[in-house]
Amino acid sequence: MRDSEQLARAIQIEGPATVLVEGTLVVEPFGANLAVSSHTSILGVGRGAEIVGGGFHLDQVADVVIRNLTFRDSYVAGDWDGKNDDNDNDGIRVDTSDHVWIDHCEFARLGDGQIDIRKDSTHVTVSWCHLRDHNKTLGVGWTDNVLTTLTIHHVRFSNTHQRNGSIDNVALCHVYNCWLGGSSSYGMASRGASQVLIEHSVFDAVRNPIGASDPLSRVAQNGNLRDGSWGSWEDTGIDDDPAEHYRYALDPVDEVRTLLRRYAGPQGVGEKAPRRLHVAQDGSGDMLSVHAAVGAAARSPHPVEVIVHPGTYRETVSIWPGARDLVLRGATGDPEDVIITYDKPASDWATLTVLAPDVTLADLTLENLYEDADGADRPAHALRSADDTILLENVQFRGGGHEISDPRT
């Protein structure tokens with residue numbers, strides 16, 4: 001398939017069907033989630049098969065395979081939280097469906113959720129995928145019933161904020177050999193009456209890497225690695241055992257990073273950042289959000305200058321350990337032209353957090369508009385950096401200043 005209308009028709013064919021996607025396919029209208037019928041396999045052909053500007057909706061279907069595809073760029077400029085009325089732009093949304101396999105796919109810069117598994121879906125597997133540069137990555141739930149069964153294995157999460165994943169009212173969720181690298185709200189969270197087992201997974205620079213959110217939530221651990229992460233690291237034990245349902249083999253936890261760098265995501269060479277990366281909300285740049293651009297820059301093998309064009313960018317931005325001499329600069333030289341803003345207390349996160357050394361910020365306004373409604377007078381930071389190697393050039397602050405302290409302590 002090379003055309004959005006062709007694809008929409010093909011994935012709605014009744015009866016078993018294999019649909020092949022070649023090259024870049026732009027979904028029309030922008031943000032649409034195309035309906036997929038039962039007994040359908042949607043497979044990317046070779047290198048570079050991608051779905052741009054939309055995604056798929058699996059609603060009350062069974063036996064669906066989605067493999068070797070990149071889902072990207074349904075992000076709505078200025079809506080980092082994904083809360084606009086016209087923004088329900090998911091990558092893959094699964095509702096009340098069973099026997100679904102999402103394999104070797106990549107998800108980047110989408111409008112709302114990257115993968116949403118909802119409303120009592122069962123027998124769902126997400127494997128060998130890469131979810132990156134996004135606020136809400138993998139959410140599960142939207143139901144009071146405890147029926148969903150889910151396996152997440154060999155999945156990489158990079159430069160994310162929340163839902164990595166959020167596991168709500170799931171009868172059994174089995175996570176193994178995953179790698180979370182840079183997550184600013186929480187990592188794996190068991191919610192509702194979920195039972196979650198997490199094995200041989202790596203948590204690099206993750207805030208609250210493993211947690212149970214309420215008294216009915218259960219989470220168990222086996223052989224996980226916590227490196228530069230902080231906050232909740234819980235193990236309550238669970239009542240079920242995935243080994244009673246299927247056979248599986250664990251890769252050694254110290255090999256997970258190498259395996260996922262090489263094999264997670266679709267076939268082919270991944271996205272590369274140029275030495276200058278432009279961010280503009282009018283679509284004239286390389287990306288629409290600062291958060292996404294900084295993530296791409298941090299993974300680059302060479303230093304990157306991120307140039308932000310005029311606008312107000314409401315988002316939380318984190319520069320993670322491993323970034324090389326990153327520069328974040330306003331395009332015009334006037335800090336009034338480029339405003340990065342959010343509204344959280346310091347106990348949650350700063351508007352901009354720097355955990356890498358030798359970062360330069362220039363010609364920007366950093367703003368935190370948090371106001372404490374309960375009168376507790378909790379601090380809020382526009383910028384928080386882990387050490388004093390940060391260089392500030394013509395940067396101004398509003399509603400919260402700059403604190404040098406490591407949020408991981």
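The following paragraphs describe one open sheet and two cavities in a predicted model.

Residues are numbered from 1 along each chain as its sequence is written, and side-chain values use heavy atoms, with hydrogens and water left out. Because the model is predicted, local features need pLDDT of at least 70 and side-chain atom pairs count only at pLDDT 80 or more, while totals for chains, interfaces and linings use all residues.

Four strands form an open sheet in the order β28-β31-β33-β35, with parallel pairing. Strands here are DSSP runs (E, at least two residues), numbered from the N terminus, and two of them pair if DSSP finds at least two bridges between them. The edge strands, β28 (317–319) and β35 (402–404), each pair on one side only. Between β28 and β31 (residues 352–354) there are 3 bridges in the parallel sense, and I319 stands opposite V354 in β31.

V354 also belongs to the lining of the largest cavity. A cavity is a set of points, on a 1 Å grid over the protein atoms alone, where a 1.4 Å probe fits but cannot get out; lining residues have an atom within 4 Å of a point. The model has 2 cavities of 30 Å³ or more. The largest has a volume of about 40 Å³, a volume being the space filled by probe spheres set on the points, which are joined across faces, edges and corners. Its lining includes V354, L355, A356, P357 and D358, as well as S385 and D387.

The second largest cavity holds about 30 Å³ of space. It is lined by A346, W349, A350, T353, H381, R384 and P407.

Methods
On a 1 Å grid over the protein atoms alone, a cavity is a set of points where a 1.4 Å probe fits but cannot get out, and a pocket is an open set with protein on both sides within 12 Å along at least five of seven lines; lining residues have an atom within 4 Å of a point.
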